[in-house]
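Work through the exercises below with the sequence and the 3D structure at hand. Try each task before reading its solution.

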Protein chains: 2
Amino acid sequence: MVSIVSVAKAAGVSNKTVSRVINGEPHVTEDTRERVEKAIRDLGYIPNMAARQIRSSRSNTFGIITDYVSTTPYSVDIVRGIQDWANTHGKSILMANTGGLPEREAEIWKMFQSHRIDGVLYVTMYHRVVDPEAGDVSIPTVMINCRPQTSELLPSIEPDDFQGARDLTRYLLERGHRRIGYIRLNPILLGAELRLDAFRRTAKEFGLAESDLSIRLGMEGPVGAEENYVFAAASDILQQKDRPTAIMSGNDEMAIQIYIAALTLGLRIPQDISIVGFDDFRTVSLALKPELTTAALPYYDLGFQGAEWLNGVISEEKVRASRRVVSCKLVERTSVRAL
Amino acid sequence: MVSIVSVAKAAGVSNKTVSRVINGEPHVTEDTRERVEKAIRDLGYIPNMAARQIRSSRSNTFGIITDYVSTTPYSVDIVRGIQDWANTHGKSILMANTGGLPEREAEIWKMFQSHRIDGVLYVTMYHRVVDPEAGDVSIPTVMINCRPQTSELLPSIEPDDFQGARDLTRYLLERGHRRIGYIRLNPILLGAELRLDAFRRTAKEFGLAESDLSIRLGMEGPVGAEENYVFAAASDILQQKDRPTAIMSGNDEMAIQIYIAALTLGLRIPQDISIVGFDDFRTVSLALKPELTTAALPYYDLGFQGAEWLNGVISEEKVRASRRVVSCKLVERTSVRAL
DNA sequence: CAAGGGAATGACAACGTCGACAATTTTCAT
DNA sequence: ATGAAAATTGTCGACGTTGTCATTCCCTTG
């Protein structure tokens, strides 16, 4: 492999001078700079990060730990956000996946340490509470889409499920809906309670009674193998004597079944029943016809801002453990009718 | 940071001996081995990959280049497959995303080289034909879910779209369907032609005439911003006088709209119309009711086998450029009725 | 008990890079 | 022209690891 030494030889200068050129340091004549750059181009020299890292004990690499990359295609945008930040700031990304196994997680932390990672982004694919198996390890870490169990040990950045659900509920209420159905997310997910709570409170603020709300559980059980009641729950809600004029779905995916239930009963969307989702999982929200009005989870921003924050934590050295929240933007499409 | 030297000092041996213990080399007394291992544990020593790499010029790291991690949540399982293989074989994964920009791709290849990556997995999120911007670079590479434009320059591993579509078509034919609709994928995708071709041929083999097939284009245009005709196309097919008894969808996502079109017309699934998808994109295929019969893209295996193959290529040094194909398994659920 | 052989251990250099410092050349005011 | 400051370039060592080769020690065999 071509190293700084071969370049130096080719350019007829010392290797230190080559180093200076590479790192854009001052005190190099324009003439020598050009000669060195030519040699670099001719030889196809590319700096060796490993060697740099040994010298500087900085790897310029971030690690990403995810729980399940698979099973859930939702939050890939988090990773994209991280990558975009990393790319524009000359950082590399080392990536690993626990598959939900704690022993694997421990291995991954070791692997990260052996690469002398500068920092870790701990990403979960569902908004939830977790405890990184970091334990003894003290690498700067930012949690994305989740927050630590044990108090505020680590900085975390999360979507504002409450605000998103509040905005959606208001959106329905402002359009005159006064009887509203709600299909709940799997209670395991942190978003489940936040969204339901926002729905309930906002409805109450607008003067609706609990009896105006038809709330049903849509799913429960371990993630990836949950019991699914959505279709039955939606059918049930829609066959009530005083049928709601709108249904709010715990997320977009469940909205598929609500659509099917409504159509099966001969109801038209949105003429007979309005529906809103949550997440803006576009594979679904755009495939549904009419297209689904929903609140977009800010996954990309979570990733991008998370990476930026981690970078700050690394350079500042002071781990200001705190919690940030990114808002969910309401995406208006055509699944809701104004009464 | 604690290094091999500190361990040696703590254990009262030379650093070479520590190295021997770490790498499981022979010629170490059980006694000293234990002493060294104790020191390692006490000090929390973790080998420095960068230093190893400098000595050995092997990084034990694979790079993954993807085009769009985002926009398409489909093929994340490829990444999971790769990670699982890597994890069980002590390799690390450096990951980057081109976002479809050639200039970014060039940067990424440089970044990979600067980390002295052992090999690259070039992954596309859609099954398609591409040309890696590797150009001058000569890192061992395996292409996953795509194949090279210019002849057989690189090894590639792809799903067998043809076989999957053939099996699905047979499945319908064997259940007595003789008039079948087909909604075509975006022609940009490699799978589009393969699947349609398999459908046509298999139908012909079973004696169906071209007039028994209602083939419509479902989508076209650039990926991520395509025109979507699926709902209209499905409605059209379903309103023909001699309505097909089954519709085959280019993929699962488009099947959502076919369901909605059918239900909107008051047709029951599968009693009045049978539907099959393709991909087994479970967020959709399991959310649809009745659940969707489909052919599963072998994404996980593509990733796992691709990583394994790359490892072979790296150690053998001979780049046997060839093309491998992994079959798509038919997943029978309840969206098809036997006539 | 001497000689030979193998096992256990260590000393040292080198991988590629860059910081500290030294040496050399250029520039500029006097 | 002269000395001093500034700019340019170079030398050397260290980062953590392991391959090569040398050294020490113990055991076997005649």
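**Exercise 1.** Which residues does Arg104(B) touch, not counting residues up to four places away in sequence? Then place Arg104(B) in its secondary structure and decide whether Arg104(B) is buried or exposed.

*Solution.* The model is a predicted one.
Step 1: list the contacts. Arg104(B) touches Asp84(A) and Asn87(A) in chain A, and Asn97(B) and Thr98(B) in chain B, when residues up to four places away in sequence are left out.
Step 2: find the element. Helix α6 of chain B, residues 102-114, contains Arg104(B).
Step 3: apply the cut-off. Buried means under 20% relative accessible area. Arg104(B) has a relative accessible area of 16%, so Arg104(B) is buried.
Step 4: look for a polar partner. A polar atom of the Arg104(B) side chain lies 3.3 Å from the backbone oxygen of Asn97(B), a residue that also appears in the contact list of step 1.

**Exercise 2.** Describe the surroundings of Thr141(B): its strand, its burial and its neighbours.

*Solution.*
Step 1: locate the residue. Thr141(B) lies in strand β4 of chain B, which covers residues 141-148.
Step 2: judge the burial. The relative accessibility is 4%, and therefore Thr141(B) counts as buried.
Step 3: list the contacts. Leaving out residues up to four places away in sequence, Thr141(B) touches Trp109(B), Val120(B), Tyr122(B), Leu154(B), Pro155(B) and Leu310(B).
Step 4: set sequence beside space. Leu121(B) is 20 residues from Thr141(B) in sequence, while their C-alpha atoms are 5.8 Å apart.
Step 5: check the side chain. One of its polar atoms lies 2.9 Å from the backbone oxygen of Ile139(B).

**Exercise 3.** How many helices and strands does chain A have, and how does its radius of gyration stand against the globule rule?

*Solution.*
Step 1: count the elements. Chain A has 12 helices and 14 strands.
Step 2: compare the radii. For 339 residues the globule rule gives 20 Å; the radius of gyration of chain A is 26 Å, well over that value, so chain A is more spread out than a compact globule.
Step 3: read the box. Along the principal axes, the C-alpha atoms of chain A fill roughly 90 × 40 × 35 Å.
Step 4: add burial and contacts. Of the 339 residues of chain A, 55% count as buried. Among contacts in chain A with a separation of 6 or more, 70% join residues 24 or more positions apart.

**Exercise 4.** How many positive and negative side chains does chain A have?

*Solution.* There are 40 positive and 43 negative side chains in chain A, and the centres of the two sets are 4 Å apart.

Terms used. Residues numbered from 1 in each chain as written. Chains lettered and ligands numbered in written order. Predicted model: local features only at pLDDT ≥ 70, side-chain atom pairs only at ≥ 80, totals over all residues. Heavy atoms only, no water. Helix = DSSP H or I, 4+ residues; strand = E, 2+ residues; numbered from the N terminus. Rg over C-alpha atoms; globule rule 2.2 N^0.38 Å. Buried < 20%, exposed > 50% of the residue type's maximum accessible area, 1.4 Å probe, protein only. Contact = heavy atoms within 4.5 Å. Lys, Arg positive; Asp, Glu negative; His and termini not counted. Charge placed at Lys NZ, Arg CZ, Asp CG, Glu CD. Polar contact = N/O pair within 3.5 Å; in protein donor to acceptor, adjacent residues only side chain to side chain.
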